[in-house]
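Biologist: I should be grateful for a close look at a single part of this protein. Please take one helix and describe its surroundings in a connected account.

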Amino acid sequence: MTELAEPKRARGRPRKTEDERDDGNRRQALISAAAQLFHRKGYDATSTREIAALVGMQPGSPFYHFDNKQDLLLAVMVEGMKQASQRQTTACADLPDDLPPREQLRALIRNQFDVLLGPDSDFIPVMLYEWRSLNGEQRQTITQIKDDYEAAWTPVLQALHVSGQLQAPVQLARLMIFGALNWAVQWYQPPAETATKPTPKAKQKSPPRASLDDLTDAALALFLRDPT
């Protein structure tokens with residue numbers, strides 16, 4: 001009786017299934033969906049079932065990628081800081097080498113407003129709103145990434161301090177500047193002709209609508225003295 005030959009093994013690594021090839025995309029989709037829901041509803045009010053449903057996945061599927069909802073929150077914040085750092089690096093790379101420090105700060109502030117208020121701006125507000133939902137180790141991770149991001153501002157602020165345009169101590173000024181800029185996510189309304197989201201009725205008078213360029217000009221006028 002003739003023995004059947006054993007099937008030849010495929011060379012190299014085993015071919016991935018369709019689900020395995022899509023793992024990275026599914027993980028990223030979960031992070032984006034979580035950012036949207038955490039921003040709109042809040043971390044505590046959002047379930048992993050809702051996040052999975054938003055991307056068309058089974059209720060338990062997020063736990064294939066993340067141990068728990070808190071780990072997913074961390075991933076949202078890390079992704080937000082990653083995107084912010086990439087945008088800032090690109091913005092700084094396009095600046096002329098001889099650009100005055102005041103204009104360098106303008107570019108940094110304008111980019112920060114893009115990060116906070118521009119398209120796909122769910123990530124950073126989640127970090128600002130939901131910081132306390134992280135554990136101590138996770139907070140250290142985000143703090144290190146945030147410190148690296150803000151470090152690019154220090155040489156610019158130092159140059160402005162030397163010129164007398166920035167009077168406050170550099171490190172204290174940096175903290176206060178970021179605090180002021182980041183708070184814009186609480187009150188900012190885009191110009192009426194470009195507004196895309198309904199604005200809830202406020203009991204008090206609403207802040208004036210302004211473009212991101214308008215906000216940048218106002219921030220510079222607030223933080224810096226006119227050059228002498």
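**Helix 6 and its surroundings**

Modeller: In this predicted model, the buried residues of helix 6 are Arg102, Leu105, Ala107, Leu108, Ile109, Asn111, Gln112, Phe113, Val115 and Leu116. The helix itself runs over residues 101-117, which makes 17 residues. From its first C-alpha to its last it reaches 24 Å, close to the 24 Å expected at 1.5 Å a residue.

Two of these buried residues, Leu105 and Ile109, also stand out in the largest nonpolar core, where they are listed with Trp153 and Leu181 as the residues with the most contacts inside it. That core has 53 residues, and helix 5, residues 69-93, gives the most to it, with eight residues. Leu105 illustrates how helix 6 meets other parts of the chain: leaving aside residues up to four places away in sequence, Leu105 touches Trp153, Val156, Leu157, Leu160, Leu220 and Leu224.

Helix 6 also takes part in a pocket. The second largest pocket has a volume of about 250 Å³, and helix 6 is among the elements that give two or more residues to its lining, together with helix 5, helix 7 (123-129), helix 8 (136-151) and helix 10 (170-182). Helix 10 gives the most, with four residues. In total, 15 residues line this pocket, and Met127, Leu128, Lys146, Glu150 and Asn182 lie nearest its centre. By character, the lining divides into ten nonpolar, three polar and two charged residues.

How values were computed. Residues numbered from 1 in each chain as written. Predicted model: local features only at pLDDT ≥ 70, side-chain atom pairs only at ≥ 80, totals over all residues. Heavy atoms only, no water. Core = buried A, V, L, I, M, F, W, Y, C linked by side-chain atoms within 4.5 Å. Buried < 20%, exposed > 50% of the residue type's maximum accessible area, 1.4 Å probe, protein only. Contact = heavy atoms within 4.5 Å. Expected span 1.5 Å × (residues − 1). 1 Å grid on protein atoms, 1.4 Å probe; cavity = no way out; pocket = protein on both sides within 12 Å on 5 of 7 lines; lining within 4 Å. Points joined across faces, edges and corners; volume = space filled by probe spheres on them. Nonpolar A, V, L, I, M, F, W, Y, C, P; charged D, E, K, R; others polar.
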